[in-house]
Amino acid sequence: MAETTPRSAAATTRARNAAREEIIEMLKADHKKVKKAFKDFEKLEGDDEAREQIVRQTCAELTLHAELEEQCFYGPAREALKEEDMVDEAEVEHASAKWLIEQLQSMSADDEKFAATFTVLGEYINHHVKEEEKEMFPSLERSKVDWEAVLQEMTQRRQELAQELGLAEEEGEDEEMQALQPPPASRGSRSRAASASRGR
Ligand SMILES: [Fe+2]
Ligand SMILES: [Fe+2]
């Protein structure tokens, strides 16, 4: 039987580091997207339909992200980190966020606490994301985990979760989010608006 050429230890380390970076980039891209959605929500005051849509979409995206981290990422992170507290705290934060998501799923924009609930969810998420990006992710740098296997599992699980949560059409989804944005003001109209406000 033909033997496969064993990879050198250095090559394995390089491949694992690259996979870990790819995982972190994927998670950071999710963070960036939801953080933008929370900002967009603030700008949509008075537009109940658009607000409901952004809440639905963001709750689904957060659910996918949280499940992906819990099912595929926090386990290896726990293995890699000396301070397991970091993962324990992240899991508790996920549980709190999920509770708020559940509340939001049974609310509509005319509920008294709709905007407040989404705003508080945004504050939780901002705090949680800061801890992951500033503490957890950097602490994983010299870990011995097989990140290549983790990346493969995450890529597959992500597709399955996207199907389950109705988020499979990534491009369509982006267009949907963009449809919620006011059209970018042309240079001319922006300067007209600026001079109008200056004239006030
Ligand atoms: Fe995250
Ligand atoms: Fe998380």
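Author: A crossing is left-handed if the near helix is turned anticlockwise from the far one by less than a right angle, and right-handed if clockwise. This is a predicted model, in which local features need pLDDT of at least 70 and side-chain atom pairs pLDDT 80 or more, while totals for chains, interfaces and linings use all residues. Residues are numbered from 1 along each chain as its sequence is written, with chains lettered from A and ligands numbered from 1 in written order.

Reader: Is the crossing of helix 3 with helix 4 left-handed or right-handed?

Author: Helices here are DSSP runs (H or I, at least four residues), numbered from the N terminus. Helix 3 covers residues 85-105 and helix 4 residues 114-139, and their axes, lines fitted to C-alpha atoms over the stretch in contact, lie 10 Å apart. As helix 3 passes helix 4, the crossing is left-handed.

Reader: How many nonpolar residues are in the contact of helix 3 with helix 4?

Author: Contact requires C-beta atoms, placed from the backbone, within 7 Å. Among the residues making it are Met86, Ala90 and Leu100 of helix 3 and Phe118, Leu121 and Tyr124 of helix 4. By class, beside four polar and four charged residues, the nonpolar ones (Ala, Val, Leu, Ile, Met, Phe, Trp, Tyr, Cys and Pro; Asp, Glu, Lys and Arg are charged, the others, Gly among them, polar) number twelve.

Reader: How is helix 1 oriented to helix 2, roughly parallel or roughly antiparallel?

Author: The axes of helix 1 (residues 9-43) and helix 2 (residues 48-80) come within 10 Å and cross at roughly 155°, on a scale from 0 to 180 degrees between N-to-C directions. Angles under 35 degrees count as roughly parallel, over 145 as roughly antiparallel, 65 to 115 as roughly perpendicular and the rest as oblique. Helix 1 is therefore, relative to helix 2, roughly antiparallel.

Key:
Helices (H or I, at least four residues) and strands (E, at least two) are DSSP runs, numbered from the N terminus. Two residues are in contact if their C-beta atoms, placed from the backbone, lie within 7 Å.
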